[in-house]
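User: I have a model open on my screen and would like to understand the terms used for it. Could you walk me through them?

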Amino acid sequence: MTTMFMSNLFEGKVALVSGGTSGIGQATAEYLARHGARVVAIGLGADTTVVADGVQLDLREVNVTDDESLKSVIQSLDRLDILVPAAGGTLGEKEMEWEAFNQVLSVQLNAVYRLISLAYPLMAKQGGSIINIASMFSYFGGGKLVAYSAAKGAIVQITKSLAEAYAPDNIRVNAVAPGWITTPLLAKIDDQPRIDRLLSRTPMKRFGSAEEVAKVIAFLASDAASFVNGAVLPVDGGYLTTAI
Ligand SMILES: NC(=O)c1ccc[n+]([C@@H]2O[C@H](COP(=O)([O-])OP(=O)(O)OC[C@H]3O[C@@H](n4cnc5c(N)ncnc54)[C@H](O)[C@@H]3O)[C@@H](O)[C@H]2O)c1
């Protein structure tokens, strides 16, 4: 993992990352820890997650749809400066079915808001930064991902609403909108013609890495972004710039 910022950038700060056991969340947890933050990373599969050398993460197995577990994670913290609710997934075309629709919304939307609202009183004590994870499906509909795109559209609105609501407490709320990022989630696409179409539409002609998203999240969490509030920042290699 490369370093762009001073290694003590987040010294004295505490970060909580959901979905911190894989992909974008894990890369973010590691990146924040590598830059001095004390990081609690929650998610599924915490017992099997391998953390790179030299990074101290407090990894905890927590299902974000379990309210009591979320409450006890927050209660265990003495302070909280940075919150990244990155847990999520998709059920693909099954999302058209009511149960699957609700299942995806409960993780990708309801649990995000629940975690933020539980964390808010602790963050309000000193201020901080919340970085949500939007998506290209915040901009486009998803004919095969109806719940996922509904959730990601709503994440943008939650980001804007809470940016206004929490500003008096010195809490900034922003989002990144990753394009196509190489993680276990993306690996579920095994349709080569679709992969080719996605790559050909991306001006940079490649997928991004989880670390490339983590670096932008770190920027938004840092004082370098001290007047950035309510923004949704695409990290997509230019995918949104093209009409085809
Ligand atoms: N990979 C991409 O191309 C891409 C693009 C845009 C947005 N995103 C978003 O980024 C976020 C992370 O995705 P990723 O690609 O890193 O996926 P991933 O599959 O690598 O990681 C998902 C993480 O979420 C956790 N998780 C899932 N359900 C959970 C639950 N009920 N309780 C607790 N943890 C749970 C998993 O344990 C894992 O840590 C998601 O919100 C996803 O929608 C990903």
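**Around the ligand**

Analyst: Gladly! This is a predicted model. Helix 1 (23-34), helix 3 and helix 4 each contribute at least two residues to the shell around the ligand.

User: What makes a residue part of the shell around the ligand?

Analyst: One of its heavy atoms must lie within 4 Å of the ligand. In this model 27 residues surround the ligand, and the closest are Thr21, Ser22, Ile24, Tyr148 and Thr183. Sorted by class, the shell has 15 nonpolar, 11 polar and one charged residues.

User: How do you know that lysine 152 makes a polar contact with the ligand?

Analyst: A polar side-chain atom of lysine 152 lies 3.0 Å from an oxygen atom of the ligand. The cut-off is 3.5 Å, so this pair counts as a polar contact. Backbone atoms take part too: a polar one of leucine 44 is 2.9 Å from a ligand oxygen, and a polar one of glycine 179 is 3.3 Å from a ligand oxygen. The protein buries 91% of the 830 Å² that the ligand exposes when taken alone.

User: Why is one set of residues called a nonpolar core?

Analyst: The name applies because its members are buried residues of listed types, such as Leu, Ile and Trp, joined through side-chain atoms within 4.5 Å. The largest such core here has 49 residues, with Leu16, Ile42, Leu80, Leu83, Ile130 and Trp180 making the most contacts inside it. Helix 3 gives the largest share of this core, 11 residues.

User: Which residues does leucine 80 touch?

Analyst: Leaving out residues up to four places away in sequence, leucine 80 touches Val14, Ala15, Leu16, Ala119, Leu122, Met123, Gln126 and Gly127.

Note on methods: Residues numbered from 1 in each chain as written. Predicted model: local features only at pLDDT ≥ 70, side-chain atom pairs only at ≥ 80, totals over all residues. Heavy atoms only, no water. Buried < 20%, exposed > 50% of the residue type's maximum accessible area, 1.4 Å probe, protein only. Helix = DSSP H or I, 4+ residues; strand = E, 2+ residues; numbered from the N terminus. Contact = heavy atoms within 4.5 Å. Polar contact = N/O pair within 3.5 Å; in protein donor to acceptor, adjacent residues only side chain to side chain. Areas by Shrake-Rupley, 256 points an atom, 1.4 Å probe, with all protein chains shown as cover. Nonpolar A, V, L, I, M, F, W, Y, C, P; charged D, E, K, R; others polar.
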